Amino acid sequence: MKIGSVNLPSPYAIAPMAGMTDTAFRRLVKRQGGCGLVVTEMVSAEGLVRGIDRTLEYAEYTEEERPVSIQIFGGDPEKMAAAAQIVEGMGADIVDVNMGCPVPKIAKHHAGCSLMREPSHAAGVIAAMTRAVKIPVTVKMRAGWNDDERNAPVLARMVEDAGAAAIAVHGRTAAQSYSGSADWSLVARIAEDLSIPVFGSGDCVEPEQIVSRMREGVEGVLVGRGVLRNPWILAQAGDLAAGRPARPVTLEDRGRFLLEYIELLGHERVRDERLSHDKWVVNKVRALGSWYTKGLDNGSHLRTAINSAPSLPALRAVVEQFFFAPAGVA
Ligand SMILES: Cc1cc2nc3c(=O)[nH]c(=O)nc-3n(C[C@H](O)[C@H](O)[C@H](O)COP(=O)(O)O)c2cc1C
């Protein structure tokens, strides 16, 4: 499948997740196979234009992650166009616009999901960006702002007309945040209506669900929390789609993944001077741990042990003991 002129080796992608889908995590997921596209955490257009160090850190990626989409947020058409040019200059394959974030800090600045409340303005943002760059501009939106404003089908059409090369729809409203379930029939209707590729997003936590959502007519699936729990889920979906059984994942595989994550984070350049590097790594592993331990036998013990490990060596020891010790209990 293609987004503009960018070829995706698989229709399954890692959804953008602030605080979670950093370059180290994306690389590791990509190495397991089955991942056709990675999207960065959302990056502030304002921060990019002003060259703020921490913003640039969120936009960093490595060659092995390609194709890479950098997601930006903002509401001012000129700034968004300028930010898109910076993203293009950084060598990204795609620039994605966040029209789904419900967090008030973002939404009150006419960015994130509040753009969905001003469809003409939102389409103007996309038109300004597509005029400014050659790389594909894509949009990620929700079903709408709330139940009275489920306008994704209308906005999707408008951003397609404004030049968007693909869209992704998380089938919940901003008011729902993460409650209830994603409305995939709405996503399917939009996919049917548009001629650009439409990705669906929401509630795929088993590889079988990814494969069955594809049958509803979307061109691709963005998987978020399912990847945080099971970084092999995209590869397993690929197995199922090819008629093979989903590859098994052992406890040791899961342990190795965490140790490799710690290793890669150790080599990252951290621009946040408020924390020591080790403390930054510990915090990142804790953040992943809160998802990664879900559904594991004794997962809550592991989560507690990760959260109370006082240092990086102690954290490593917790991981080694849990995943590699025969008893398997931390
Ligand atoms: C921790 C977290 C952070 C997220 N950050 C972003 C983000 O930066 N940009 C975005 O468009 N969506 C973000 N999302 C939404 C996801 O991309 C995805 O659409 C949503 O979680 C539904 O998919 P899922 O059920 O597979 O997780 C985030 C979700 C989570 C759980």
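This is a short conversation about the ligand site and some local features of a predicted model.

User: Happy to dig in! What do I need to know about the model before reading values from it?

Analyst: It is a predicted model, where local features need pLDDT of at least 70 and side-chain atom pairs count only at pLDDT 80 or more, while totals for chains, interfaces and linings use all residues. Residues are numbered from 1 along each chain as its sequence is written, and side-chain values use heavy atoms, with hydrogens and water left out.

User: Which residues surround the ligand, and what makes a residue count as near?

Analyst: A residue is near if one of its heavy atoms lies within 4 Å of the molecule. The ligand is surrounded by 16 residues, the closest being P16, Q71, S201, D203 and R225.

User: Why is the pair between Q71 and the ligand called a polar contact?

Analyst: A polar contact is a pair of N or O atoms within 3.5 Å. Q71 has a polar side-chain atom 2.7 Å from a ligand nitrogen atom, so the pair qualifies. S201 also qualifies, with a polar side-chain atom 2.7 Å from an oxygen atom of the ligand. For N98, an N or O atom of the side chain is 3.2 Å from a ligand nitrogen atom, again inside the cut-off.

User: What makes R50 and E46 a salt bridge?

Analyst: The term asks for a side-chain nitrogen of Lys or Arg within 4 Å of a carboxyl oxygen of Asp or Glu. In R50 and E46 the closest N and O atoms are 3.6 Å apart, so the pair meets the definition. The whole structure holds 20 salt bridges.

User: Why are R50 and E46 separated by about one helical turn?

Analyst: Because they are 4 residues apart in helix α2 (residues 45-50). Helices here are DSSP runs (H or I, at least four residues) and strands likewise (E, at least two), numbered from the N terminus.

User: What is notable about the backbone at P67 and D203?

Analyst: The R66 to P67 peptide bond is cis, with omega near -5 degrees, and P67 lies in the loop between α3 (53-58) and β6 (68-73). D203 has a positive phi of about 70 degrees although it is not a glycine; D203 lies in the loop between β10 (198-201) and α9 (207-214).

Conventions. Polar contact = N/O pair within 3.5 Å; in protein donor to acceptor, adjacent residues only side chain to side chain.
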